[in-house]
Each structure stands twice: as structure tokens, then as C-alpha cells.
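Please examine the protein shown below, together with its sequence. The paragraphs that follow lead through its elements in turn.

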Amino acid sequence: MATVPSIHTWVNETLTAAKMNEVSSMLTFLRNNSGGVCHVRQTAQQFIANTTDVAVTFDAADPNVDNMWSALADTRVTANTSGYYLVSGVVTFTASATGTRFGKFKRNGNTLRAASVPASPGGVE
């Protein structure tokens with residue numbers, strides 16, 4: 001695994017050659033390390049019963065650099081290269097005037113982010 005360069009936060013400092021070299025080092029790292037790019041998706045509707053906590057199953061990944069997704073573990077994306085990752089998602093729920101819709105991201109079984117929205121007769125995304 002590649003070593004991720006440290007990230008510096010500048011506050012009211014003069015830009016110097018040394019600071020530019022820090023930026024250059026990070027850009028070089030990003031250019032030379034192909035890990036960390038994966039877009040998983042679900043191409044068919046998944047039906048989930050009321051009041052159940054079920055993982056979304058993915059059936060496609062493109063791109064899947066660094067083999068982050070596998071059909072053998074279709075509810076997971078695995079970071080195989082150390083570093084920083086941006087994780088986002090969109091879930092669409094069937095229209096209903098009752099109940100609450102809930103989604104969450106987990107890392108190693110622990111919830112990182114969770115959100116809930118009230119029901120909407122027009123559907124929720």
C-alpha cells in the first residue's frame with residue numbers, strides 16, 4: 001500500500017516553495033495511485049419489508065478500480081488502498097403517505113452516517 005502524504009492546513013501564511021512542494025507531493029500521490037475509485041449501483045428494484053434493516057445489494061460496479069466491489073460480497077465496497085475516501089449515495093423509496101424512510105452508511109459494522117425522512121405521497125429520493 002502506498003503511504004498517503006500528510007495534509008497541511010494553511011492559515012494566513014505566505015506561499016513558499018516548500019508549501020508548493022507539499023501540494024505537488026499530494027498531486028503526485030493521487031496521480032500514481034489508482035486505488036479508491038468505485039461506483040456501485042443496483043440495476044433492479046429491491047423490495048424490503050416494513051421495519052426491517054436490510055443492506056442494499058449492488059449488482060454492478062463501473063468503474064471498479066482496485067477491485068473495491070465484488071459480486072461475492074455484493075453489499076460492500078472495500079477500500080484496498082489506504083487513504084481518504086468520499087462516500088455518497090442516493091436511495092429512492094416507493095411513494096407512501098405513512099412511515100419514515102431511513103438509510104445509513106456503515107464501516108466495519110459501525111454506523112458512520114444515518115438519515116431519516118418522513119413519508120411522502122410523491123416518493124422520496
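In which element is Leu30 found? Leu30 belongs to helix 1, which covers residues 17–32. The model under discussion is a predicted one. Leu30 counts as exposed because its relative accessible area is 53%, and the cut-off for exposed is over 50%. On the surface, Leu30 is part of a nonpolar patch together with Trp10, Val23 and Leu27. These four residues jointly present about 360 Å² of accessible area.

Helix 1 can now be placed within the whole. The protein has one helix and four strands as its secondary structure, and their order along the sequence is α-β-β-β-β. Of the 125 residues, 9% are buried. The accessible surface of the protein amounts to about 9800 Å², of which carbon and sulfur atoms contribute 53%. If one takes the contacts between residues at least 6 apart in sequence, 36% of them join residues at least 24 apart.

Strand 2, residues 60–64, contains Pro63. The peptide bond leading from Asp62 to Pro63 is cis, with an omega near 5°. As a general background, most peptide bonds are trans, and most residues other than glycine have a negative phi.

The loop between strand 2 and strand 3 offers several residues for inspection. Asn67 is found in this loop and has a positive phi, near 50°, although the residue is not a glycine. With a relative accessible area of 63%, Asn67 is exposed. Thr81 lies in the loop between strand 2 and strand 3 as well. Is Thr81 buried or exposed? Thr81 is buried, because its relative accessible area is 15% and the cut-off for buried is under 20%. The side chain of Thr81 also makes a polar contact, at 2.6 Å, with the side chain of Asp66.

Ala79 is a further residue of the loop between strand 2 and strand 3. Its relative accessibility of 47% makes Ala79 partly exposed, since that class lies between the cut-offs of 20% and 50%. Which residues does Ala79 touch, if those up to four places away in sequence are not counted? Ala79 touches Met68 and Tyr85. The C-alpha atoms of Ala79 and Cys38 are 9.4 Å apart in space, whereas the two residues are 41 apart in sequence.

The path then reaches strand 3, residues 96–107, and strand 4, residues 110–120. How do strand 3 and strand 4 pair? The pairing is antiparallel and extends over nine bridges. Within this pair, Ser96 stands opposite Ser120 of strand 4. In a regular strand, side chains alternate between the two faces of the sheet. Strand 3 and strand 4 together form a hairpin, with two residues between them.

Asn108 lies in the loop that joins strand 3 to strand 4. Like Asn67, which has a positive phi near 50°, Asn108 has a positive phi, in this case about 55°, without being a glycine. Asn108 is exposed because its relative accessibility is 75%, and the cut-off for that class is over 50%.

Key:
Residues are numbered from 1 along each chain as its sequence is written. This is a predicted model: local features need pLDDT of at least 70, side-chain atom pairs count only at pLDDT 80 or more; totals for chains, interfaces and linings use all residues. Side-chain values use heavy atoms; hydrogens and water are left out. Patches are made of residues with over 30% relative accessible area and no salt bridge: like charges are joined within 9 Å, nonpolar side chains (Val, Leu, Ile, Met, Phe, Trp, Tyr) within 5 Å. Accessible areas come from the Shrake-Rupley method with a 1.4 Å probe; for residues, only the protein chains shown count as cover. A salt bridge is a side-chain nitrogen of Lys or Arg within 4 Å of a carboxyl oxygen of Asp or Glu. Buried means under 20% relative accessible area, exposed over 50%, partly exposed in between (1.4 Å probe, protein chains only). Two strands pair if DSSP finds at least two bridges between them. A polar contact is a pair of N or O atoms within 3.5 Å; within protein, one must be able to donate a hydrogen and the other to accept it, and residues adjacent in sequence count only if both atoms are side-chain atoms. Contact means heavy atoms within 4.5 Å.
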